[in-house]
Amino acid sequence: MPADATNADLKWTSSNDKVATVDAQGNVYAAGRGEATITCASADGNASSACKVTVIYTFWQWIIVIILFGWIWYT
């Protein structure tokens with residue numbers, strides 16, 4: 001943020017809140033598997049930037065899902 005910015009307010013958004021959410025400070029939180037685009041835009045609309053995030057399960061998370069919920073697939 002330049003010191004001479006006339007409006008230093010930023011707006012953070014997520015393209016898919018079921019995958020990732022973002023708070024007013026830009027902290028991103030995983031909510032589920034998939035892809036989302038996190039966008040930061042200046043309040044006056046003169047600048048913006050975006051990045052794609054991908055949320056996946058780790059090996060251990062897959063094991064937990066299979067053990068806890070695997071019985072559903074076989075009933």
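**Contacts, core and surface of a predicted β-β-β-β-β-α model**

Residues 24 or more positions apart supply 26% of those contacts in the protein that have a separation of 6 or more, where contact means heavy atoms within 4.5 Å. The model is predicted, so to speak of local features a pLDDT of at least 70 is needed, side-chain atom pairs count only at pLDDT 80 or more, and totals for chains, interfaces and linings use all residues. Residues are numbered from 1 along each chain as its sequence is written, and side-chain values use heavy atoms, with hydrogens and water left out.

The overall layout is a friendly place to begin. One helix and five strands make up the secondary structure, and along the sequence they follow the pattern β-β-β-β-β-α. Helices (H or I, at least four residues) and strands (E, at least two) are DSSP runs, numbered from the N terminus. Of the 75 residues, 16% count as buried; here buried means under 20% relative accessible area, exposed over 50%, and partly exposed in between, with a 1.4 Å probe and protein chains only. The accessible surface of the protein comes to about 6000 Å², and 59% of this surface belongs to carbon and sulfur atoms. Accessible areas come from the Shrake-Rupley method with a 1.4 Å probe, and for residues only the protein chains shown count as cover.

Turning to the interior, the largest nonpolar core has six residues, namely V19, A20, V22, A36, I38 and V55. A nonpolar core is a set of buried Ala, Val, Leu, Ile, Met, Phe, Trp, Tyr and Cys residues joined through side-chain atoms within 4.5 Å. Strands β2 (20-22) and β4 are the elements that give two or more residues to this core. A20 sits in strand β2 and counts as buried at 1% relative accessibility. Beyond four places in sequence, A20 touches S14, V28, Y29, A31, A36, I38 and V53. The C-alpha atoms of A20 and V55 are separated by 7.8 Å, although the two residues are 35 residues apart along the chain. V55 itself, leaving aside neighbours within four places in sequence, is in contact with V19, A30, G32, R33 and G34.

S14 belongs to strand β1 (residues 10-14) and is buried, with a relative accessible area of 18%. The side chain of S14 reaches the backbone oxygen of A20 at 2.6 Å, and a polar atom of the same S14 side chain lies 3.3 Å from the backbone nitrogen of N16. Not counting residues up to four places away in sequence, S14 touches A20, T21, V22, A36, T37 and I38.

Two residues of strand β4 add to the picture. T39, placed in strand β4, is partly exposed at 24% relative accessibility. Its contacts beyond four places in sequence are K11, W12, T13, S49 and A50. T39 and V22 are 17 residues apart in sequence, and their C-alpha atoms are 9.3 Å apart in space. S42 also lies in strand β4 but is buried, with a relative accessible area of 14%. The side chain of S42 makes a polar contact with the side chain of D44 at 2.7 Å. A polar contact is a pair of N or O atoms within 3.5 Å; within protein, one must be able to donate a hydrogen and the other to accept it, and residues adjacent in sequence count only if both atoms are side-chain atoms. With residues up to four places away set aside, S42 touches D9, L10 and A47.

As for charged pairs, the structure holds one salt bridge, defined as a side-chain nitrogen of Lys or Arg within 4 Å of a carboxyl oxygen of Asp or Glu. The side chains of K52 and E35 form this bridge, at 3.8 Å from N to O. The pair links distant parts of the chain, with K52 in strand β5 (residues 48-55) and E35 in strand β4 (residues 34-42), 17 residues apart. K52 is exposed, with a relative accessible area of 57%, whereas E35 is partly exposed at 46%.

Finally, I64, I67, L68 and F69 form a nonpolar patch on the surface, with about 420 Å² of accessible area together. Patches are made of residues with over 30% relative accessible area and no salt bridge; like charges are joined within 9 Å, and nonpolar side chains (Val, Leu, Ile, Met, Phe, Trp, Tyr) within 5 Å. I64 lies in helix α1 (residues 59-73) and is partly exposed, at 48% relative accessibility.
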